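Let's take a walk through a protein model together. Have the sequence at hand and the 3D view open, and look up each residue as we get to it.

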Amino acid sequence: MAYPFGSLIFTSAIKDLQEKYGSRRPYARREASGFAGDRIGPMEAEFIAQRDSFYIATVGEGGWPYVQHRGGVNGFLKVIDSTTLAFADFRGNKQYITAGNLATDDRVALILMDYPQQARLKILGRVQVFEGAEAAPWVEKLGAADGHSIIERVFVIRVEASDWNCQQHITPRFSAEEIREALQPWEKRLASLEKENRELRERLGPSPAKTA
């Protein structure tokens with residue numbers, strides 16, 4: 001399996017469209033090149049550890065796909081090893097759509113975004129859901145218990161394929177924390193100039209009174 005992502009996603013209908021629009025040849029070359037993307041390597045692990053959100057897609061019994069946004073602290077999606085990811089499922093709005101879908105179809109697709117760097121990682125896998133006492137060892141591995149949020153279950157993802165997207169059409173966006181970090185040098189410079197300005201004013205003394 002040279003290109004697992006393609007082997008899982010590229011159906012005959014998709015390959016027909018690639019052929020029709022001229023992209024089939026480069027993808028076929030990639031499939032024959034010995035390229036492998038069935039593991040989480042160092043670059044993927046570092047990327048995942050820096051993310052504070054991702055999108056997860058599942059399919060329900062009715063055949064409808066469902067995409068959910070998940071967010072947390074940086075690295076809340078934890079790399080356990082080169083083929084395993086896990087994250088804690090905290091109590092939310094109690095719709096249980098993702099958990100319900102996974103009860104009948106364990107396949108998931110994840111998209112992780114780095115908007116400032118215009119980077120996107122796609123991951124395909126199969127999920128095991130652990131609750132109660134079975135989830136306890138995973139909660140310990142994740143370091144997810146904070147005493148405030150209620151963990152209802154843990155999702156453990158066995159990775160089957162991953163792939164990077166090109167940067168095209170990703171609009172750069174920045175979080176409040178990223179903006180603060182970017183502004184820090186300018187804020188320090190402004191504070192320094194204000195201090196220098198005050199010191200110069202003190203040296204010059206009061207301005208001379210204006211005469212009529």
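What follows is a short tour, from the ground rules to the cores, the charged pairs, a helix and the surface.

## Ground rules

This is a predicted model, so keep in mind that local features need pLDDT of at least 70, side-chain atom pairs count only at pLDDT 80 or more, and totals for chains, interfaces and linings use all residues. Residues are numbered from 1 along each chain as its sequence is written, and side-chain values use heavy atoms, with hydrogens and water left out.

## The nonpolar cores

A general point to start: in soluble globular proteins, nonpolar side chains tend to be buried together. Here, a nonpolar core means a set of buried Ala, Val, Leu, Ile, Met, Phe, Trp, Tyr and Cys residues joined through side-chain atoms within 4.5 Å. "Buried" is under 20% relative accessible area, "exposed" is over 50%, and "partly exposed" is in between (1.4 Å probe, protein chains only).

The largest core has 20 residues, and L110, L112 and I123 touch the most other members. Two or more residues each come from α4 (42–49), β1 (53–59), β4 (84–90), β5 (107–114), β6 (119–130) and β7. These helices (H or I, at least four residues) and strands (E, at least two) are DSSP runs, numbered from the N terminus. Which element gives the most to this core? That's β6, with 4 residues. A second, separate core of 9 residues includes A135, W138, L142 and V156.

Zoom in on L112. Leaving out residues up to four places away in sequence, L112 touches F47, I48, R51, F54, L77, A119, R120, L121 and I123. Contact here means heavy atoms within 4.5 Å.

## Charged pairs

How many salt bridges does a search of the whole structure find? There are 14. To count, a side-chain nitrogen of Lys or Arg must be within 4 Å of a carboxyl oxygen of Asp or Glu. R70, D89, R91, E131, E152 and R153 are linked in a network of these bridges.

Take D89 in that network, which sits in strand β4. D89 counts as buried because its relative accessible area is 7%. Its side chain makes polar contacts with the side chains of R70 (2.9 Å) and R153 (2.5 Å). A polar contact is a pair of N or O atoms within 3.5 Å; within protein, one must be able to donate a hydrogen and the other to accept it, and residues adjacent in sequence count only if both atoms are side-chain atoms. Also in the network, E152 and R91 meet in a salt bridge of 2.9 Å, N to O. E152 lies in strand β7 and R91 in the loop between β4 and α5, so this pair ties together parts that are 61 residues apart in sequence.

Now for E160 and R126, whose side chains meet in a salt bridge (3.0 Å, N to O). E160 is in strand β7 and R126 in strand β6, so this pair ties together parts 34 residues apart in sequence. Is E160 buried or exposed? Neither one fully: E160 counts as partly exposed, because its relative accessibility is 30%.

## Helix α2

Helix α2 covers residues 12–21. Of its 10 residues, the number buried is 1, so α2 lies largely in the open. Q18 is in this helix, and Q18 counts as buried because its relative accessibility is 8%. The side chain of Q18 makes a polar contact of 2.8 Å with the side chain of R24. After α2 comes G22, with a positive phi near 85 degrees.

## Out on the surface

Which residues form a nonpolar patch on the surface? They are F174, I179, L183 and W186, with about 470 Å² of accessible area together. Patches are made of residues with over 30% relative accessible area and no salt bridge: like charges are joined within 9 Å, nonpolar side chains (Val, Leu, Ile, Met, Phe, Trp, Tyr) within 5 Å. The areas come from the Shrake-Rupley method with a 1.4 Å probe; for residues, only the protein chains shown count as cover. F174 lies in the loop between β7 (151–165) and α7 (176–204).

H169 is in the loop between β7 and α7. Phi of H169 is positive, near 70 degrees, in a residue other than glycine. H169 counts as exposed because its relative accessible area is 74%. K94 has a positive phi of about 65 degrees although it is not a glycine, and K94 is found in the loop between β4 and α5 (97–102).
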